[in-house]
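I opened this notebook to record what I looked up on salt bridges and chain symmetry. The entries follow the order of my queries.

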Protein chains: 2
Amino acid sequence: MAISNAQLKLLQSLKLKKFRQKYGKYVVEGPKMVEELISNKSNSVHTIYTTLSYKDKLLAKGYIGSIVEINDKDLKKVSALKTPNQVVAVAELPDLENVPSLSVEKVSLFLDRIQDPGNLGTIIRIADWFGIKNVVCAPGTVDVYSSKVIQSTMGAIYRVEVSYVDYEKLMAKNGALKSFGAVLDSGQSIYDLGEDVPGLLVIGNESQGISPALKSQLDHQISIPRMDTKGAESLNAAVACGIICGQLIRP
Amino acid sequence: MAISNAQLKLLQSLKLKKFRQKYGKYVVEGPKMVEELISNKSNSVHTIYTTLSYKDKLLAKGYIGSIVEINDKDLKKVSALKTPNQVVAVAELPDLENVPSLSVEKVSLFLDRIQDPGNLGTIIRIADWFGIKNVVCAPGTVDVYSSKVIQSTMGAIYRVEVSYVDYEKLMAKNGALKSFGAVLDSGQSIYDLGEDVPGLLVIGNESQGISPALKSQLDHQISIPRMDTKGAESLNAAVACGIICGQLIRP
């Protein structure tokens, strides 16, 4: 079956958050991410649009859901990638507003308005690597189901639970959890915290850091000591998150 | 003095590496990066092209070199930014092929064909934060004087020495230096290395890692232990670099 105009329009509209929310769907592109989707969340797959070149491989993976053929010209129209890559899948958007119950014995992440899609995707990969189950985003954080974020998670999105909940609501349900906010200079050194420290690690916005209102509610403020005082102003937010996780979470 | 057509053409051409090399010049954009350039490398500044809105601020900073006014329309033509930002500076390209002498008591970085401009810029920020003086890039690493890399260093480029030298040449001059290559799985845990371990930290290409030829020459292979074995495949290269630096370099 070839793609219809209505399907083309739907796929194009899903580049925008408002239509993802309206239709409750999002788009995943390329063999690698589509295969991650199928193997991790097969029952959320709605339709897969594939070029002929990839169709046989898709069938060989055991996918038995809805398949629509798409030619290279139409693929280019619907793709958010610079170089469209054989296949796009439409999947059901999960409920992002559930307030999660977080383990007091584990590290979880809270992101205070991260704006860069690459940073959010990279942080979700960090969570996946370090076995962090939950990434909670303050409202105002970039949408995790935008194409750039999804693609930059490299599949980690299917193994980490992401939700959009404000700090007060999260803490109302998880009162026993200690929070650690990453600040630039004035916090306790991450090297003095000890190992295997559980709690909620809070990472702030790329240029503004953690908002003052949220900062005042943190249990602890922590910093990565700066070795060169001659000029370095900051670390990338995802890098800072990685360095702190590398310190807090050990085998 | 208003901008000439020849100057416009020069600025546009400097978006490409071949013209940066031909003319020995590169471009820096926006007040923040231009101010970092002036305060760190004032004698490398060739000409500053500024909108009227920023000219007074530039003069107030004590800049006494060549200034050319540029209007918003021309600024848009020469800018590599989505949102051009008041000012662009042309500076002299430093010699990137010097083989540096690296301290055996410090950590230095060797990047084996990092491709993503944002990753290279982020790694230079990491070096700046941790007081790493030298970042050596294998030929084939993305050009550090491309607009995206320069802008993403946030000024760190002016405090870290970057060179493009192959591993054999570097080691011919720095034979006493121990090398540590970051590999995905089979290396010694970074947590077992001890603190303040000096040497050359080698970070590989985003998708291929360290090349087999280089790997065979490493003194040590090290890995960041993965906590979740259910799927996480890798960490972003800059994040991995940050996590290892956070482990090796302590106050």
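The entries below cover confidence, symmetry and then individual salt bridges.

**Entry 1. Confidence.** I noted at the outset that this is a predicted model. I read an ipTM of 0.92 and a pTM of 0.93 for the model. For chain A I found an average pLDDT of 94, with 99% of the residues scoring at least 70.

**Entry 2. Symmetry.** I asked what rotation superposes chain B on chain A. I obtained 180 degrees, with 0.0 Å of shift along the axis and an RMSD of 0.0 Å. I therefore recorded the relation as that of a two-fold axis. I then looked at the contact residues: 97% of those of chain B recur in chain A, and the same surface serves both copies.

**Entry 3. Salt-bridge total.** I asked how many salt bridges the structure holds over all chains. The total I entered is 18. I took up several of the pairs in turn.

**Entry 4. Glu35(A) and Lys61(A).** I found the side chains of Glu35(A) and Lys61(A) joined in a salt bridge, at 3.4 Å from N to O. Glu35(A) lies in helix H3 (residues 30-41) of chain A, whereas Lys61(A) lies in the loop between helix H4 (52-60) and strand S3 (67-69), so the pair ties together parts that are 26 residues apart in sequence. I also checked accessibility. Glu35(A) has a relative accessibility of 24% and therefore counts as partly exposed. Lys61(A), with a relative accessible area of 48%, is partly exposed too; the upper limit of that class is 50%.

**Entry 5. Asp128(A) and Arg159(A).** I recorded a salt bridge between Asp128(A) and Arg159(A), whose closest N and O atoms are 2.8 Å apart. I placed Asp128(A) in helix H6 (residues 117-129) of chain A and Arg159(A) in the loop between helix H7 (147-152) and strand S7 (161-164). The pair thus links distant parts of the chain, 31 residues apart. Are these two residues, Asp128(A) and Arg159(A), buried or exposed? I found both of them buried.

**Entry 6. Network.** I asked which residues are linked with Asp128(A) and Arg159(A) in a network of salt bridges. I identified Lys32(A) and Glu36(A) as the further members of that network.

**Entry 7. Arg113(B) and Asp112(B).** In chain B I looked up the salt bridge in which the side chains of Arg113(B) and Asp112(B) meet, at 3.1 Å from N to O. I noted that Arg113(B) and Asp112(B) are both buried.

Methods
Residues numbered from 1 in each chain as written. Chains lettered and ligands numbered in written order. Predicted model: local features only at pLDDT ≥ 70, side-chain atom pairs only at ≥ 80, totals over all residues. Heavy atoms only, no water. Salt bridge = Lys/Arg side-chain N within 4 Å of Asp/Glu carboxyl O. Helix = DSSP H or I, 4+ residues; strand = E, 2+ residues; numbered from the N terminus. Buried < 20%, exposed > 50% of the residue type's maximum accessible area, 1.4 Å probe, protein only. Least-squares fit on C-alpha atoms with pLDDT ≥ 70 in both. Contact = heavy atoms within 4.5 Å. pLDDT = per-residue confidence, 0-100.
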